[in-house]
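Work through the exercises below with the model open. Try each task before reading its solution.

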There are 2 protein chains.
Amino acid sequence: MKPYVVGIDIGGTNTQIGIVDSRGNVLARNAIKTGGHPEVTDFIDDLHAALMQTIEQNGMKGEIGGIGVGAPNANYFKGTIEQAANLPWKGVIPFAEMLRKKCGIPVAITNDANAAAIGEMTYGAARGVKDFIMITLGTGVGSGIVANGQLIYGSDGNAGELGHVTVRAQNGRLCGCGRAGCLEAYTSATGVARTAREFLELRNEDSLLRRIPVQDITSKDVFDSAMAGDKLALEIFDYTGKILGEAFANFVAFSSPRMIVLFGGLTKAGDLIMRPVKEAMEANLLPIFKGKVDIVFSQLKEADAAVLGASALGWETAKQNND
Amino acid sequence: MKPYVVGIDIGGTNTQIGIVDSRGNVLARNAIKTGGHPEVTDFIDDLHAALMQTIEQNGMKGEIGGIGVGAPNANYFKGTIEQAANLPWKGVIPFAEMLRKKCGIPVAITNDANAAAIGEMTYGAARGVKDFIMITLGTGVGSGIVANGQLIYGSDGNAGELGHVTVRAQNGRLCGCGRAGCLEAYTSATGVARTAREFLELRNEDSLLRRIPVQDITSKDVFDSAMAGDKLALEIFDYTGKILGEAFANFVAFSSPRMIVLFGGLTKAGDLIMRPVKEAMEANLLPIFKGKVDIVFSQLKEADAAVLGASALGWETAKQNND
């Protein structure tokens, strides 16, 4: 087996490239702009050039076993990126096949949350854990589910949309997906900001958050206020954590994971979010599951996490191709 | 590989035994009472005697590759029956190992809903389907989840408790599990009867159901009334199906199954339950899942289903033991 893999994280603005060894060390990095390539073929050309440059500069030619790509709306089974709202290319793009042809190296692709789950399983908190759920708490809420040591892709590659599980069946908040009451509408970074606006409107009590124009409040503001001891801000985290923990109790009833790993911007809130999540999950678990499920923060360094997650998929495709 | 397996279904009252071929034909049957055996060793002795008698009478000695057992509160990983409220034996019983020692044939055990899922995958509606969810709608609501062609047991063998997913986070009905708002409290046979009592109390309209003492109403009464065109009874099925379909939309977001298979007493209601379930699921699915998930009734003959499900597990353990 060749000693290195490549992880590529395609974001709306930048595309990060990393060459990674089997222990999860990022040995070399590069990046290109995602924008400025209205045609995906131009993007592939530039990505290939940047990748080859990095490989050659580091004397790793012929040493790369596989390339893993994490991208929004990527489908693992089909190797495609489909209708991604935040990327310049519309329609269904056979990305994995295009990049493989260009580089001559096996390529696999999946969405960001699945890549994060594989990364955590390969290098992070979930090493050796055969049953866990990765939850990403960012602008949205994403997830990757691992059972029997395998990522669950489902019949169409779209499994693990836990951000869009209904948590409020009645009078739920509208969600970006067009439905109402989704977990994401409450427990994403934007959900936290919505809760802040809701609480400020419904209540009269004083809060540091009242110093900020209400439409400008972000989850970061709520965090800063909570750290300063603001009671309303603390309550917002309790409310968020409670809904998340209740949802986790349902996820446990589904796949009985050993562990739930939290990742993404909102985890910076640390114990402000962890404590209410743990309390609400334990309080809502079926008796047979109580005390059995750990909730932990991701162990992947944030700056490297997306590239590491994608690179972990590179090992899988390398193995499948015996390379 | 030996040509037959044994399926054993341990119920609260009777224990059914069947010898099954690879196409799911039950070639021979026997049964013993589950009760009347305060000690599990006595039960195992009687079960062994009945099984051997059946095997010998049918000239199948040495032809049995494995024994699969379906039982309440059975744990596949540990081979145990644990704290089963409806069985005479308390504590943790190493049932698989006890039966294997007695019979000299490999034994595997799992709970009823998981056995039903394996049965459906082996002989029924889910043949060749790698991702599906089995939902049993009886006195309770059980489930077995198959992903990547494997049953999901989870970290402790207890995965698939979808009857206890919370569907009403606020003011939910109390459930037998001690929590509130569980799917089972609404969509089991007893849940349907509860809905009937609730509707009759809250409303004034006439209904055939008012002829029955309210505490005696069963889901069968609701079915009979609905078939007679009773408006309130029809509405009870709509209400039940709606909650079930909404829950299914969440299950789909989890594992993206190709198919959901319904099994158990409530499925006798046929289209009365199927129509509202399908409508509510489709209405609540994320756009990427719409039109992709079939909901079907089990194809296992009801009288044989439990034994067939258990026998399917017998093939698995036979394979694992190369027998």
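**Exercise 1. Find the residue just after α6(A) that takes a positive phi, and give the angle.**

Solution. The model is a predicted one. Go to the end of α6(A) and step just past the helix. The residue there is A:G229. Its phi is positive, at about 90 degrees.

**Exercise 2. Determine how the buried residues of α6(A) are arranged around the helix axis.**

Solution. Step one: mark the helix, residues 219–227 of chain A. Step two: list its buried residues, which are A:S219, A:V222, A:F223, A:S225 and A:A226. Step three: recall the geometry. An α-helix has 3.6 residues a turn, so residues three or four places apart point the same way. Step four: check the arc. The buried residues span only 165 degrees around the axis, which puts them on the same side of α6(A). Step five: look at what lies over them. The cover includes α5 (189–202), α7 and α8 (271–284) of chain A.

**Exercise 3. Two residues that are not glycines have a positive phi, A:S256 and B:Q83. Place each one, and decide whether it is buried or partly exposed.**

Solution. Start with A:S256. Its phi is about 45 degrees. It sits in the loop that joins α7 (231–255) to β12 (259–263) in chain A. The cut-off for a buried residue is 20 or more other C-beta atoms within 10 Å. A:S256 has 24 C-beta neighbours inside 10 Å, so it counts as buried.

Now take B:Q83. Its phi is about 50 degrees. This residue belongs to the loop between β6 (80–82) and β7 (92–93) of chain B. B:Q83 has 15 other C-beta atoms within 10 Å, so it is partly exposed.

**Exercise 4. Classify the exposure of B:M274 and give its C-alpha separation from B:F237.**

Solution. B:M274 lies in helix α8 of chain B, residues 271–284. There are 19 other C-beta atoms within 10 Å of B:M274, so the residue is partly exposed. Now turn to B:F237. The two residues are 37 residues apart along the chain. Their C-alpha atoms are separated by 9.3 Å.

**Exercise 5. Describe the contact between the two domains of chain A.**

Solution. First divide the chain. Domain 1 takes in 4–118 + 302–320, and domain 2 covers 128–297. Their C-alpha centres are 28 Å apart. Next count the contact: eleven residues come from domain 1 and eleven residues from domain 2. On the domain 1 side, helix α3 (residues 112–123) of chain A gives the largest share, six residues. By class, that side holds seven nonpolar, two polar and two charged residues.

**Exercise 6. Work out the relation between chains A and B, then describe the surface of chain B that touches chain A.**

Solution. Begin with the superposition. A turn of 180 degrees, with a shift of 0.0 Å along the axis, lays chain B on chain A with an RMSD of 0.1 Å. That is the relation of a two-fold axis. The same surface serves both copies, since 100% of the contact residues of chain B recur in chain A.

Now the contact itself. Chain B gives 36 residues and chain A gives 36 residues. On the chain B side, the elements giving two or more residues are β10 (141–147) and α7 (231–255). The largest share, five residues, comes from α7(B). Sorted by class, the chain B side has 16 nonpolar, twelve polar and eight charged residues.

Terms used:
Residues are numbered from 1 along each chain as its sequence is written. Chains are lettered from A and ligands numbered from 1 in the order in which they are written. This is a predicted model: local features need pLDDT of at least 70, side-chain atom pairs count only at pLDDT 80 or more; totals for chains, interfaces and linings use all residues. Helices (H or I, at least four residues) and strands (E, at least two) are DSSP runs, numbered from the N terminus. A residue is buried if 20 or more other C-beta atoms lie within 10 Å of its own, exposed if 12 or fewer, and partly exposed in between; C-beta atoms are placed from the backbone. Domain bounds come from an automatic or database domain assignment. Two residues are in contact if their C-beta atoms, placed from the backbone, lie within 7 Å. Ala, Val, Leu, Ile, Met, Phe, Trp, Tyr, Cys and Pro count as nonpolar, Asp, Glu, Lys and Arg as charged, and the others, Gly among them, as polar. The arc is that of the directions from the helix axis to the C-beta atoms. Copies are superposed by least squares on the C-alpha atoms of residues with pLDDT of at least 70 in both.
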